[in-house]
Structure formats: structure tokens, C-alpha cells
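Here are my notes on the model below. Please read them with the structure open.

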Amino acid sequence: MSVLVYTESENGKFKKNAFEVASYAAEVAKQMGTTATAVSFNATENESLGTYGISKVLNISNDTLKTFNAKAYANSIHQAVEKEGAKVIILSSSTDTKYLAPLLAGYLKAGYVPNVVAAPESTSPFTVKRTAFSNKGFAFSEISTDVKIIGVSNNSFGIHENGTTAAVEAFDAAVSDADFATKSVEIDKVVGKATIADADIVVSAGRGMKGPENWGMIEELAEVLGAATACSKPVSDLGWRPHGEHVGQTGKPVASNLYIAIGISGAIQHLAGVSSSKVKVVINSDPEAPFFKAADYGIVGDAFEVVPQLIEKLKEFKAQNA
Amino acid sequence: MKILVCISNVPDTTSKINFTDNDTKFDTAGVQFVINPNDEFGLTRAMWFKEKQSATVHIATVGEASVEPTMRKALAIGADEAIRVNAIPTDGFFVAQQLANIAKEGAYDLIIAGRESIDYNGGMVPGIMASLLDINFVNTCISLDVDGTSATALREIDGGKEKIATSLPLIIGGQKGLVEESDLRIPNMRGIMMARQKKLTVIEPIDALNATQDTKFTKPAAKGAVKLASSVDELVTLLHNEAKVI
Ligand SMILES: Cc1cc2nc3c(=O)[nH]c(=O)nc-3n(C[C@H](O)[C@H](O)[C@H](O)COP(=O)(O)OP(=O)(O)OC[C@H]3O[C@@H](n4cnc5c(N)ncnc54)[C@H](O)[C@@H]3O)c2cc1C
Ligand SMILES: Nc1ncnc2c1ncn2[C@@H]1O[C@H](COP(=O)(O)O)[C@@H](O)[C@H]1O
């Protein structure tokens with residue numbers, strides 16, 4: 001009757017969100033007086049999950065599962081759930097995991113609550129707090145099914161060390177051809193650059209930048225900070241930046257530690273998607289820009305002057321603090 | 001090709017969010033309801049299939065009679081027929097079962113839903129439908145082409161895109177990218193007039209599982225005032241010493 005958590009990896013290495021969901025699972029297990037088991041796919045450092053309170057890892061090694069496939073992964077996790085007799089399943093909020101979560105919910109006839117931001121309020125009845133209305137509110141959701149699935153919001157619960165030793169077991173989940181009826185034929189992914197989903201810092205720019213030719217300084221600022229780049233919706237609609245960079249209510253959600261908004265007015269739909277970021281900084285020439293009301297820090301000024309200065313200052317700062 | 005577009009009726013993106021009945025219900029007073037933006041992209045792509053590949057397009061919504069203006073808008077944009085399941089859509093699992101039932105009865109080849117509804121942000125209805133119907137599923141779908149029974153889709157992934165080959169019957173969770181913003185259609189007078197004549201069937205819900213229930217809502221705590229820095233030096237110092245984020 002353990003708690004089961006799916007810990008995501010890429011090229012064998014656990015993603016940062018894996019440690020967050022592992023920490024969350026350990027907390028739920030503690031509340032329920034049981035232990036937490038992780039399931040991983042082709043991961044190499046499974047023992048490391050012990051640091052976050054995981055006492056057992058079921059590692060699936062299977063070359064056909066090297067590339068993510070929602071159905072094959074959901075079916076495999078389903079088998080791990082059955083083996084463990086798990087009643088609570090913990091998942092992350094990555095794009096891939098949000099793809100498999102509802103499939104798993106369907107197979108298990110389980111209630112699924114995504115975007116959960118805190119440890120359960122109570123485990124009987126099972127109640128969790130989650131964001132709703134695109135971060136404009138919170139809901140307390142009660143799950144009444146026997147098996148329960150929780151999707152933990154990125155960067156909400158945090159990573160907590162909780163030293164145990166993890167026993168690693170090979171787990172042989174059966175996969176069938178039918179699982180691959182949706183087949184990945186090509187992946188076009190930026191490598192070596194922080195993504196909006198994982199980055200600690202996101203540097204985002206809007207229509208105030210005037211045109212795509214001015215994005216050099218935005219990319220340079222992001223590089224100095226090790227940040228991902230993002231943009232407002234009109235910027236991607238105008239084709240200045242790729243659609244994948246559009247953040248907000250109808251784009252990608254951002255839950256970074258630091259969000260820097262440059263030349264973005266702060267429309268309600270934009271704010272809805274970025275308000276889970278912990279610290280928000282605004283650079284805007286208009287002191288009345290609505291974003292200042294939602295921000296923690298700001299500079300009123302022309303981006304074309306402020307951003308180059310900021311890049312220089314950060315380079316100096318880095319050199320001093322290296 | 002028979003297409004079913006699942007349309008969820010949501011508060012307009014500019015709506016102020018308030019709660020009522022001792023914070024147990026969303027307060028709809030003064031709120032304008034619209035087609036969920038992700039569904040509008042899907043519906044617009046369905047219109048393309050209708051015009052270029054002679055598809056028929058039905059829409060379905062789980063909701064009370066108050067959702068009908070939103071459904072009529074989808075009909076005015078060009079959907080052929082509508083089906084409403086007369087129930088309050090409080091749980092994603094319940095909604096998915098209702099829609100899966102319609103999808104099965106109607107033998108649709110392609111089911112277009114959205115990646116998520118912008119109200120409760122469940123992001124689960126199309127995926128649960130796919131598992132109940134045991135058909136192919138592509139989520140965060142940003143492009144879709146159909147040739148006979150083969151389908152090619154692009155899916156947004158963290159940090160990029162993935163091309164997927166699959167086949168009908170298929171369900172997608174769509175979003176912006178399926179069509180461009182500039183392709184979205186505002187219903188014209190003729191469309192609105194025609195929509196009034198189109199068939200809107202109301203059916204009662206089937207027995208289904210209610211897996212979750214929202215028992216209480218709260219709003220985020222009010223924000224403190226912004227701290228304005230007068231120079232980048234000051235900003236960097238604040239971010240380092242006070243916010244501790246760099
Ligand atoms: C259904 C719907 C969904 C939407 N979803 C989203 C969404 O998900 N994400 C999103 O971002 N938007 C969304 N929008 C659009 C949103 O309403 C705004 O139109 C958009 O966010 C504005 O983008 P912007 O701030 O880049 O541009 P603008 O509003 O044009 O703002 C530009 C800002 O730059 C500042 N500026 C100008 N020059 C300079 C300079 N030299 N230096 C510094 N600052 C300068 C200006 O003062 C201004 O504040 C949505 C809209 C609708 C209707
Ligand atoms: N009540 C509903 N009626 C019809 N379709 C719905 C309903 N709720 C959700 N959907 C569909 O499922 C998608 C995802 O919704 P959700 O899982 O609620 O975030 C939406 O974009 C719609 O396509």
C-alpha cells in the first residue's frame with residue numbers, strides 16, 4: 001500500500017522535477033504511515049532518490065522506451081501501481097507527464113488532481129490544494145476514488161532531503177506494439193539551453209522590444225543568467241519569436257524562481273500564466289504599466305538602455321562571485 | 001471524415017475571479033462566457049477539414065442550458081450540429097465519460113478537444129476519453145494533418161516539438177498553433193442566422209463516476225507593493241541580497 005511516484009529522467013539522468021515529486025511522495029507516505037516507491041525508465045542513478053526519502057525504486061530498463069511514449073509509459077506505470085498495490089500516485093507537471101497522467105487515470109479509474117501546490121491538507125478524506133482559474137484562485141479538491149493521482153506543480157513543494165537508502169529493483173514492464181500506435185518520428189529540441197519548464201530563471205520580452213532584430217540583448221541577458229527565454233503572445237503571433245516561447249494563460253505556464261519581464265505591459269492573460277513565479281522583475285518605460293502592480297521589483301526605464309547595463313553589471317557580479 | 005469538437009464553456013480571459021456561497025462556488029455574476037480558447041483553435045482547424053476535406057463537424061458540450069449561447073457561437077462559426085449533455089460539469093472524469101459515450105455512439109473518426117480548459121485547468125478530459133475509448137491520443141497538439149486514415153501531428157514538448165505519426169480514430173488535446181491567431185473567425189450575420197436553424201440535441205447524462213469534488217476556493221494573498229530600483233546596480237543588489245535569486 002505504498003505511495004508510488006514517477007520520477008522522470010532524460011538520457012538516464014533524473015530531471016530536477018524528479019527530486020521535487022520524490023520529496024512530495026515521501027511527505028505523503030509519512031502522512032499515511034507508509035513508504036514511497038519510485039518508478040523510473042532507463043535511469044542510471046536510482047540510488048540518489050534515497051536522499052529525498054524514497055525507499056524503493058522500480059527501474060524499467062527497456063530500449064523501446066528510450067523515447068517518451070505516453071501510452072507505453074502510462075501502461076508501464078500502471079503495472080508498477082498494481083505490483084505495489086499503490087493507492088496514491090504522484091506525478092510532476094512536465095508536458096510529458098501531463099500527457100500520460102489522464103491515460104493512467106482512465107486505466108485506474110482514479111481521480112486525478114493536477115497543479116497541486118502543497119502537501120495534502122488531509123489524507124482522509126483525501127484533500128489537496130491546487131491552483132485553478134489560471135492561477136487566479138486556489139481550489140481544495142477532494143478525491144473520492146480508491147486510487148488517487150496527484151500532479152504536483154513545478155517548483156511549488158520544493159526539494160527536501162530526507163535521507164533513507166533506496167533499494168533498486170529491476171522491473172520488467174510488458175509493452176506491446178499497440179502502445180506505439182502513436183509513434184514519435186522526429187524530435188526537434190534545443191539542447192544545452194534551459195527550457196521554460198525547468199529553468200530557475202526566465203527572461204521574457206514583449207512588444208516593447210519593437211522587433212525581432214532587437215532580441216540579441218534578451219538572449220545575451222538570458223545567457224549571463226543561465227535563463228530560458230520567453231515572450232508575450234503578440235510577439236509569437238507576429239512571428240518575432242517561436243510559438244513555443246509564448247507564456248501566459250494560453251501559452252506555457254512559468255513557475256521559475258525569477259521571472260524578468262522586459263517591455264511587457266502585464267495584461268491579465270499574461271500575468272495569469274506567470275504568477276506562480278516566485279520573484280518577478282519588470283523593466284518598462286511606462287510607470288503606469290499594469291505589470292508593476294504584480295511585480296516584486298522594477299525599473300522604470302527604456303529597455304534599450306537598461307538591458308545592456310544590466311548585462312554588464314551581471315557579468316561583473318558573476319566575475320566577483322565566481 | 002466525421003469530427004467531434006469538444007467545447008468547454010469558460011469565463012472570458014479578462015474575467016475577475018470571485019467565489020460565492022461561503023467560498024464553495026465560482027461566482028458567475030457579471031462574467032462573460034466564451035468558447036475555451038484552446039477549443040477555438042481546434043474548432044477552427046475542424047473548419048479547415050470541413051472546407052478542404054469535406055469533413056462533417058459536430059460539437060459537444062457537457063453543461064446546463066446556460067452554455068447554449070456558446071454552443072450557438074460554435075455553430076455560427078460553422079459546425080454542423082451540436083449535442084449538449086444536460087449536466088453540471090464539476091468533475092473531469094465524469095465529463096470525459098459523457099463525451100466518450102457520445103464519441104462512441106457517433107463513431108467519430110477524429111475528436112478534437114483542448115489541452116486544458118482555462119477555468120479549472122484540469123488538462124484531463126481528452127486523455128481520459130482516449131483511455132476509455134482505447135484510441136490514439138496526441139496531447140499539446142500544435143499541428144494536425146489527415147490523409148485517409150493516417151494522421152501526422154506535431155506536439156509541443158518542453159524545449160521543442162515532436163512529430164508524431166498515427167492513425168484514426170484519434171483524439172487530440174489541441175492548443176494555439178493548430179491554426180494561427182489570424183485564422184480565428186468571428187461569426188458573421190449569415191453564420192449567426194444559420195446557427196439558429198442548426199440541430200442542437202440535448203441528452204441526459206449516463207451514469208458515471210464522480211472522482212473529485214472541489215470543496216472550497218480561495219484567492220491568492222494580496223501582493224505587497226513593487227520595489228522600484230533607481231539603477232541596475234541597486235536592482236542586482238536587491239536580487240542578490242534580499243530576494244536571493246541570483
Ligand atoms: C483570449 C486571449 C488570450 C491571451 N493569452 C495571452 C497569453 O497567454 N500571454 C500573453 O502574453 N498575452 C495573452 N493575450 C494578449 C494580452 O491581452 C496582451 O495583448 C499581451 O499580453 C500584450 O503583450 P505585450 O505586453 O508584449 O505588448 P503591449 O501591451 O503592447 O505592451 C508593450 C509594453 O512595452 C512597454 N515598452 C514600450 N517601449 C519600451 C521600451 N523602449 N522599454 C521598455 N518598455 C517599453 C510599453 O510601456 C508596454 O507596457 C491574450 C489575449 C486574449 C484576448
Ligand atoms: N464540460 C465540457 N464539455 C465539453 N468539452 C469539455 C468540457 N470540459 C472539458 N472539455 C474538453 O476537454 C478539454 C480539456 O479540458 P479540461 O480537462 O477540463 O482541462 C477542453 O479544452 C475541452 O475540449
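**Domain contact and ligand site**

1. No salt bridges (a side-chain nitrogen of Lys or Arg within 4 Å of a carboxyl oxygen of Asp or Glu) are counted between domain 1 of chain A and domain 2 of chain A. Six residue pairs there are in polar contact, both at pLDDT 80 or more. A polar contact is a pair of N or O atoms within 3.5 Å; within protein, one must be able to donate a hydrogen and the other to accept it, and residues adjacent in sequence count only if both atoms are side-chain atoms.

2. This is a predicted model; local features need pLDDT of at least 70, side-chain atom pairs count only at pLDDT 80 or more, and totals for chains, interfaces and linings use all residues. Residues are numbered from 1 along each chain as written, chains are lettered from A and ligands numbered from 1 in written order, and side-chain values use heavy atoms, without hydrogens and water.

3. Domain 1 spans 3–180 and domain 2 spans 201–320 in chain A; the bounds come from an automatic or database domain assignment. Their C-alpha centres lie 32 Å apart.

4. The two domains bury about 620 Å² between them, 34% of it on carbon and sulfur atoms. Buried area is the accessible area (1.4 Å probe) lost on putting two parts together, summed over both.

5. Ligand 1 lies between chains A and B. An oxygen atom of ligand 1 is 2.7 Å from a side-chain N or O atom of Asn284(A). For His246(A), the corresponding side-chain distance is 3.0 Å. Gln249(A) places a backbone N or O atom 3.0 Å from a ligand 1 oxygen.

How values were computed
A residue is near a molecule or strand if one of its heavy atoms lies within 4 Å of it.
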